[in-house]
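Visitor: Could you take me through one part of this structure slowly? I'd like a close look at the place where the two chains meet.

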Number of protein chains: 2
Amino acid sequence: MSDAAAPTRFGEGPLSRAAARTAGDGPVDVHSAWLPPEAFRAVGSRRALVCGAGTLVGTVRHELARACARYGGTVAWRSGPADAAPEDRTGAVDLVLALSTAAPLPAPAAEVAEECRRRHGAGALGAEGFALARTGDVTVVLAEEPAGLLHGLFHVVRLGESAFGAGRRPERHRPAVRLRMLDHWDNVDVHPVMGQVERGYAGGSIFWRDGSPRGDLTRVRDYGRLLAACGVNAVSVNNVNVHATEARLLTDRLGDVAAIADVLRPYGIRVHLSVTFAAPVVLGGLPTADPLDAGVRAWWAATTRQVYDRVPDFGGYVVKADSEGQPGPFTYGRSHADGANLLADALAPFWGVVHWRAFVYDHRQDWRDRSTDRARAAFDHFAPLDGRFRPNVVLQVKHGPMDFQAREPVSPVVAAMPATRLAVEVQVTQEYTGQQRHVCYLAPWWSELLGFAPWGDHRTVAALAAGEGGGLVGVSNVGDDPFWTGHPLAQANLYAFGRLAWDPRLDPAAVLDEWIGLTFPPGPAGGHDLVRRTLHEMMDDSWRTYERYTAPLGVGFMVRPGHHYGPDVDGYEYTPWGTYHFADRDGVGVDRTRASGTGFTGQYPQPWRDVYESLDRCPDDLLLFFHHVPYGHVLHDGSTVIQHIYDTHFAGAEEAAALRARWDRLDGLLDPGLHTRVRERLDEQVRCAEEWRDQVNAYFFRKSGVPDARGRRIP
Amino acid sequence: MSDAAAPTRFGEGPLSRAAARTAGDGPVDVHSAWLPPEAFRAVGSRRALVCGAGTLVGTVRHELARACARYGGTVAWRSGPADAAPEDRTGAVDLVLALSTAAPLPAPAAEVAEECRRRHGAGALGAEGFALARTGDVTVVLAEEPAGLLHGLFHVVRLGESAFGAGRRPERHRPAVRLRMLDHWDNVDVHPVMGQVERGYAGGSIFWRDGSPRGDLTRVRDYGRLLAACGVNAVSVNNVNVHATEARLLTDRLGDVAAIADVLRPYGIRVHLSVTFAAPVVLGGLPTADPLDAGVRAWWAATTRQVYDRVPDFGGYVVKADSEGQPGPFTYGRSHADGANLLADALAPFWGVVHWRAFVYDHRQDWRDRSTDRARAAFDHFAPLDGRFRPNVVLQVKHGPMDFQAREPVSPVVAAMPATRLAVEVQVTQEYTGQQRHVCYLAPWWSELLGFAPWGDHRTVAALAAGEGGGLVGVSNVGDDPFWTGHPLAQANLYAFGRLAWDPRLDPAAVLDEWIGLTFPPGPAGGHDLVRRTLHEMMDDSWRTYERYTAPLGVGFMVRPGHHYGPDVDGYEYTPWGTYHFADRDGVGVDRTRASGTGFTGQYPQPWRDVYESLDRCPDDLLLFFHHVPYGHVLHDGSTVIQHIYDTHFAGAEEAAALRARWDRLDGLLDPGLHTRVRERLDEQVRCAEEWRDQVNAYFFRKSGVPDARGRRIP
């Protein structure tokens, strides 16, 4: 984090137009998400003192100033050790936000700093952490670095009045994961098939439109503010599938990237760039992109230096290589370590990192060949390379071995690379989880993934991602939609991603509760408790509802090919994509055992290599991912596979209908535009859930011939 | 046909650039199709006399002049009765092409005219017919109208030397069908999903590019020449799905249509236009398009008058109404007769016709509802309207009740509308028959359709289409591809369409033989017999080969949704499109009987209503179209349904491989560019046929559990 980076446009003021639009009582053009003016009522009605200097401290001051202008509080500022500015003489304060380096600190802050040092030692807060404590009648936020102060401010905003309650115990907060990043799959040009945003379900891109940067960066600035307020600290601004125009962001269109970096910098968010491995050829005119070629290495070094000349705090590169048609080191007979290290060496002088995606598999697989297993691919490609990557290579691993399904096991790569920095990648954009037309709160799913213990001990996925220099990466669900995410309730996924990246141990329901409290503050119509209760009822279990009415028992896919929305049980069954369920008249599922299948279970350490291998011990929700079983196979709950399919699909569709009924209770209690938008999407969710129910049930009834034990209608 | 129409650009000369490009020995830019220079050798080496005047007679003269310039013959011209031009004094001639109105006729022509009158009576040749006879050493072509003379010329070209052989018996030729039309599904704007040409497999449009007319009409002129030489006399120049830009061709972009009409007119081809039923609203700014509204009627009348002011021989309108999202009279609670008659009334003063498509069905069908049957839709909608259409309405009926499958029964609408003019629509573009990547000579399929006898007597489909004012319409397979049709062998489908429209009784193999003789004249490399034999071996049965490896026993579809290429057995099974096979673990097929199914069989007259109803009498190749049967059902050849599926799919894929092996024999005997193009497509056909084989076989093996009796590998 470089707080002393190039000049920014911050002078234009953080009170962006979008925020201004939402500040009044008139029609809302862009929804304020979890930062409505009301969220700042507690801090905005206090007397605050800010101690410290720099861009991010300026952001803290401006946030407070805006809140105070609305709610009657005051803001004073002491810029640094030698500074005795007039604002410092305001007298009594309720809230101090201070950098520990801004000594001499005002008394309450000095007291907290001393206590913190005593309890945790020097440097205990780190680059982004902060301490929060009450001392007397003053609430103190202390940080060692400016980013920590900003995070501390937003923590106080989340706490609201309770931050100022008596008897509050001291807290120390530091992010568990260093890299908390959102990858945008935004195209600069509108792609003829994938559009402006690949797998985007919220309109256009906030960065790009029709081949050009959007002239107005207001939305980008607002976005940065929202991300800072949930804990994200990095953004990649273009699709990992890098087409011709996007490739040029690295060179002659670098200015477009710099402009984005300038507006995100005040929120402590670094910009990263997806690059094509073929850049030396397509941009540099070199005859090769061979990572061991001296000319190629020189080209990347020079090009990267130019990037840092323009963007001194540039985060680094994101690369999808040798995957789904993207170029990569295989073209030159080199390994992925060779490829990643090439870029890492170019970035190292500037402390940049390369996010090298492990999503490498054969997408021209022969469906007739049951021995090839796409689930094996990432491990087979990357595990042998452990220890061969430079320290500034972050291997970015999709959470599961397949592709962001609603249910998959954790990727075995996570446990296979102890000598490699890892980032775990989840998909905030709901490609396979309802495309922001369905309510699907994903935090419980991510929480489960992050809590998975590959060795059955304390070493969870979260702990691995939290290891030195690790990361959690989400594919962004944001677009230029007025509600940011198409489905207003999908904002909760973006919020929860940031919060879980900061602290993976957070309870998803508690995170949702935070989000509800911020996003839906008590309004004039009352009913706040009903809103809160209803949203919990709708969202807490919504991912499992989605799972129930879609592909059963972990088998995955069954979506319409191409756009991946809605059911098509055989849609991917006879394709080259490696995504099969092998249903026949007798049974269903993929045999990935060592005993008789593809051997994928052997990629896990104990205990999971044996748990997954065992038909008895394998968790039911992953049964068909690991085993091919007859329809009559009895699950742990005593139900057969076929009856489980029927039961969950009837139940899931019923639950979708219940979501809509619950939402109807809130009519009149919420912004009408938001209520209508959600209502429309719920109609679609109910329709689509019934379609899933009927197609999946009909498919398996036609194949198995087994009637529903409860005699319900299967079409 | 108006030979006295508006001035044309014919003065630019019929020796178009494309033809010129193919005249030399250099690289071929645009393939000459069935009119290479060599096709004119016989006429070009004769002394010809042309008698008559007008644009089309001018075309005859120019065609002869070009041929003679190459092959050493001569052309003389007598323009009309009072004309004694110097050309007339050339003395001896080998070939006379004369309008019977150009009296006094030269002696050989007068002799033929007298004989023709004596045998057939006056007016025996009609608007487009001609007589051909040898008298002494002279070959005479006699016509009553200029279009007949042009058709007669191309007939002589087809005959080649044999037209000048001794002992040739007199012939009289008249087209069986009056409207022989190609519909272009070309968009003016590039449609975001469908592209420049909807269901086009031959590159862009010859008419339009990126929202504008193509500046150069050379290709259009060449196209008109090819069409005239196979018998087509009408073209619609834009897609029946009329989008915003295309709608304006009717009004402010009418000039684009007029320009096309001008270059097609010299070849006797009228231009038609697809219009949107909503035109009064979207173009005229009226509040309604209600066909009974006086303002709407006046708008159509005035608009149509303006069309004829610009294009005096304009053919008329083509309309897809209330179909797949297109607007129509249903919006206003009116019938399709009301809708069609509205346009017919506007066109009647100018002798124009409206082609009103009968392709109306519910494309939002619920797949769960087995009582709704898309196959019934056209009959249900239109049969009750018989007798209610104006005389200049042509009801344009797809040949089958579904949608251009490789196998369907004939549409029962054809037999249900005795008081309505009918055009039968076939699909020359290979949407469902291999998309011009597969060899699939369609004439045998069309021939079978045209020969179908709905009442089991002499009244064939061809006879019905040949009835007063009927027509045969093909969806064009032509684009801006250098070979016109993508797959060079798909040219044969275009040629055969014209020839069968002229004379439905022609033998498809004989038509193919004509096409081979014209397109592949003996070359310096020899091997002409091998070329001819090989192409017959490859193409004569290619449609049945395609049928064998795709959907079995008439059940249809099983294609990938959207683009309709390649197999996806369940691709349309759970969709709203009404295209199902209902395969389960016990059997497959659609019960369309009156006894237990949708009752579709009742739409046929006797004998077919009972033949199709009967499981025993129903032809095997339509078995699954009409019946749902167990896999063990025994076909007339003694095979079971499931074994038939396996056998035909193994056989079809083997035949595809044999096609390629045959083609390889021709290497070195044909233009290398053409040979390579076909070879590449054959590779794809072999691959795709194997994919069809394996997917269909695997699908039915997984469902039925019945092994192949011959033990072949089913994946």
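Guide: Here is a walk through the contact between chain A and chain B. A quick note on the ground rules: this is a predicted model, where local features need pLDDT of at least 70 and side-chain atom pairs count only at pLDDT 80 or more, while totals for chains, interfaces and linings use all residues. Residues are numbered from 1 along each chain as its sequence is written, chains are lettered from A and ligands numbered from 1 in the order in which they are written, and side-chain values use heavy atoms, leaving out hydrogens and water.

Okay, who takes part? Chain A brings 27 residues to the contact and chain B brings 27 residues, with contact meaning heavy atoms within 4.5 Å. Together the chains bury about 2400 Å², 43% of it on carbon and sulfur atoms; buried area is the accessible area (1.4 Å probe) that two parts lose on being put together, summed over both. On the chain A side, Tyr574(A), Arg585(A) and Arg702(A) lose the most area to chain B, together 35% of what that side buries.

Now for charges. The interface holds 6 salt bridges, each a side-chain nitrogen of Lys or Arg within 4 Å of a carboxyl oxygen of Asp or Glu. One of them joins the side chains of Arg368(A) and Glu691(B), at 2.9 Å from N to O. Chain A's touching side splits into 8 nonpolar, 5 polar and 14 charged residues (Ala, Val, Leu, Ile, Met, Phe, Trp, Tyr, Cys and Pro count as nonpolar, Asp, Glu, Lys and Arg as charged, and the others, Gly among them, as polar).

Finally, 100% of the interface residues of chain A are interface residues in chain B too, so the copies meet through the same surface.
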